[in-house]
Amino acid sequence: LWTQISETFDAHGTRLSRTTLFDDGSETQTLYAEGERSETTTRDLNNAFTWDTAQTTYDTEGTRQKSVKVFDDGRISEVTFLEGLRAKAVMVDRTDTYSWTSYTDIFNADGVWTQRATRYDDGREVIRIFGDDLAGF
């Protein structure tokens, strides 16, 4: 549920932005380009979630291109999409909270998770490949 919605329009009535304040204290700002959604940014204003900011960008047809989420513990997740499906996801531990520095997930053309490469703080890299016959190793 939301508490408040504010919208801005240009002189021709084309929507430029929409800001929604939700009951949980989060706020989402959506930007539009030529009437199409181009970017959304959600902020956790009340620290109610495990993340601080989530941002998604869209192409000219409104299809997701990239999502970035900044977590309270310093992690950053960046997901890249191809034709609206996940293609690659990278998680980075900026504050050295975890035993790993980063991990990268790869997805096939159907958006199915197929691989994870994890780089650990000690420099090791472990690659796990997933498939019909593999459980990940």
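Which residues is Thr41 in contact with, leaving aside its neighbours within four places in sequence? Let's begin the close-ups of this predicted model with that one.

**View 1. Thr41 is a residue of strand E4.** Leaving aside neighbours within four places in sequence, Thr41 is in contact with Glu27, Thr28, Gln29, Thr53, Ala54 and Gln55. With Gln55 there is also a side-chain to side-chain polar contact, at 3.2 Å. The relative accessible area of Thr41 is 6%, so this residue counts as buried.

**View 2. Thr42 also lies in strand E4, which covers residues 36–44.** Here a 2.8 Å polar contact links the side chain of Thr42 to that of Thr28. If we set aside neighbours within four places in sequence, the contacts of Thr42 are Ser26, Glu27, Thr28, Trp51, Asp52, Thr53 and Ala54. Thr42 is buried because its relative accessible area, 16%, falls under the 20% cut-off.

**View 3. Ser67 belongs to strand E6, residues 64–71.** The side chains of Ser67 and Thr56 make a polar contact of 3.0 Å. Not counting residues up to four places away in sequence, Ser67 touches Gln55, Thr56, Ser77, Glu78, Val79 and Phe81. Ser67 has a relative accessible area of 16% and is therefore buried. To relate this view to the first one, try the C-alpha atoms: Thr41 and Ser67 are 9.6 Å apart in space, with their positions 26 residues apart in sequence.

**View 4. Trp51, Phe71, Met91, Trp100, Tyr103 and Tyr120 make up the largest nonpolar core, which has 6 residues.** Centre your display on Trp100 and you can pick out its contacts beyond four places in sequence: Arg75, Met91, Val92, Asp93, Thr118, Arg119, Tyr120 and Asp121. Trp51, another residue of this core, appeared in the second view as a contact of Thr42.

**View 5. Glu34 sits in the loop between strand E3 (26–33) and E4.** What is the phi of Glu34? The angle is positive, about 55 degrees, although Glu34 is not a glycine. That is worth a look because most residues other than glycine have a negative phi. With a relative accessibility of 82%, over the 50% cut-off, Glu34 counts as exposed.

**View 6. Glu83 is found in the loop between strand E7 (75–82) and strand E8 (85–93).** Its backbone also has a positive phi, near 55 degrees, in a residue other than glycine. Is Glu83 buried or exposed? At 74% relative accessibility, Glu83 counts as exposed.

Methods
Residues are numbered from 1 along each chain as its sequence is written. This is a predicted model: local features need pLDDT of at least 70, side-chain atom pairs count only at pLDDT 80 or more; totals for chains, interfaces and linings use all residues. Side-chain values use heavy atoms; hydrogens and water are left out. Helices (H or I, at least four residues) and strands (E, at least two) are DSSP runs, numbered from the N terminus. Buried means under 20% relative accessible area, exposed over 50%, partly exposed in between (1.4 Å probe, protein chains only). A polar contact is a pair of N or O atoms within 3.5 Å; within protein, one must be able to donate a hydrogen and the other to accept it, and residues adjacent in sequence count only if both atoms are side-chain atoms. Contact means heavy atoms within 4.5 Å. A nonpolar core is a set of buried Ala, Val, Leu, Ile, Met, Phe, Trp, Tyr and Cys residues joined through side-chain atoms within 4.5 Å.
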